[in-house]
Amino acid sequence: LGRWKLLLNGQPVSVLQFGAVPDFSTDSTTEIQAAIDWLGIGGGIVTIDGGFLVTDLDVNANVTLLGKNGAPSQSATGAYSPVTIPSVLVIAAADTLTFKQGARIDGCLILNQNYSPQGTYPLPLNSGNAVAAVAAVAGTAVTIGDGVFDAEIVNTMILGFEYGVMT
């Protein structure tokens, strides 16, 4: 089997085209980073077509991570199921998505790997589990890097992190 060059002439690329596995548990960091990097300095759109486990990602300048079907949402009771949301990035609390100048995310759920539909903390909190509960969410989902402040987070839900966005 030979390698082939993906030619899309400005069309969005899907993380699936780079081998990302949408099962919420297989680490797809390398494949998603490859899709982002493939766009080069001109930027473009990378579609997030499913639920993916990732570690640290660097979203290059002028790259948009685009979810399917608009903004994720929770029910009126606050319940949600990641499997019913079409575009999910699951990351550990210790990891972060770093956005460069002009980078954008639209229509995705960024979910802490330790978060559960029942809530962030094991209940009831007590002296035996409070430290572990806080440690499970310590971290930042998105970091705006390179000393710039023009990255965009649109129609995106961030769940289970101490800080959603840091600059």
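## Exercises on a predicted model

In this predicted model, Thr 143 has Met 166 of strand 13 as its bridge partner. Let's start from that pair and work outwards.

**Exercise 1. Find which strands the bridge between Thr 143 and Met 166 belongs to, and place them in their sheet.**

Solution.
- Step 1: Look at the stretch around Thr 143. Strand 10 covers residues 140–144, and three bridges connect it to strand 13. The two strands run parallel.
- Step 2: Widen the view to the sheet. Its four strands follow the order 4-7-10-13; the sheet is open and the pairing is parallel.
- Step 3: Find the edges. Strand 4 (57–59) and strand 13 (163–166) each pair on one side only, which makes them the edge strands.
- Step 4: Add the twist. From one strand to the next, it averages 15°.

**Exercise 2. Work out the order of the sheet that contains strand 9, and name its edge strands.**

Solution.
- Step 1: Trace the open sheet of four strands. The order is 3-6-9-12, with parallel pairing.
- Step 2: Check the edges. Strand 3 (50–54) and strand 12 (157–159) are the edge strands, each with pairing on one side only.
- Step 3: Compare neighbours. On average, neighbouring strands of this sheet are turned by 15° against each other, with direction ignored.
- Step 4: Zoom in on one pair. Four bridges link strand 6 (residues 87–91) to strand 9 in the parallel sense.

**Exercise 3. Is Leu 111 buried or exposed, and what lies around it?**

Solution.
- Step 1: Locate the residue. Leu 111 is part of strand 9, which spans residues 109–112.
- Step 2: Apply the cut-off. Leu 111 has 5% relative accessibility, so it counts as buried; the limit for buried is under 20%.
- Step 3: Look across to the paired strand. Val 90 is the residue opposite Leu 111.
- Step 4: Look further along the chain. Ala 141 is 30 residues away from Leu 111 in sequence, and their C-alpha atoms are 8.2 Å apart.

**Exercise 4. Describe the surroundings of Gln 33 in helix 1.**

Solution.
- Step 1: Place the side chain. Helix 1 runs over residues 29–38 and includes Gln 33.
- Step 2: Judge its exposure. Gln 33 counts as buried because its relative accessibility is 15%.
- Step 3: List what Gln 33 touches. Setting aside residues up to four places away in sequence, these are Leu 57 and Asp 58.
- Step 4: Find the polar partner. A polar atom of the Gln 33 side chain sits 2.9 Å from the backbone oxygen of Asp 58.

**Exercise 5. Which residues of the largest nonpolar core touch the most other members, and which elements contribute to this core?**

Solution.
- Step 1: Pick out the well-connected members. The core has 28 residues, and Ile 32, Val 46, Leu 89 and Phe 99 touch the most other members.
- Step 2: Identify contributors. Among the elements that each supply at least two residues are helix 1, strand 2 (44–48), strand 5 (63–67), strand 7 (97–99) and strand 10.
- Step 3: Separate the other core. Apart from the largest one lies a core of nine residues, including Leu 53, Val 88, Leu 111 and Met 157.
- Step 4: Follow one member. Beyond its neighbours within four places in sequence, Val 46 has contacts that include Val 13, Val 15, Ala 35, Ile 36 and Leu 65.

Methods
Residues are numbered from 1 along each chain as its sequence is written. This is a predicted model: local features need pLDDT of at least 70, side-chain atom pairs count only at pLDDT 80 or more; totals for chains, interfaces and linings use all residues. Side-chain values use heavy atoms; hydrogens and water are left out. Buried means under 20% relative accessible area, exposed over 50%, partly exposed in between (1.4 Å probe, protein chains only). Two strands pair if DSSP finds at least two bridges between them. Axes are lines fitted to C-alpha atoms, for helices over the stretch in contact, and angles run from 0 to 180 degrees between N-to-C directions. A polar contact is a pair of N or O atoms within 3.5 Å; within protein, one must be able to donate a hydrogen and the other to accept it, and residues adjacent in sequence count only if both atoms are side-chain atoms. Contact means heavy atoms within 4.5 Å. A nonpolar core is a set of buried Ala, Val, Leu, Ile, Met, Phe, Trp, Tyr and Cys residues joined through side-chain atoms within 4.5 Å.
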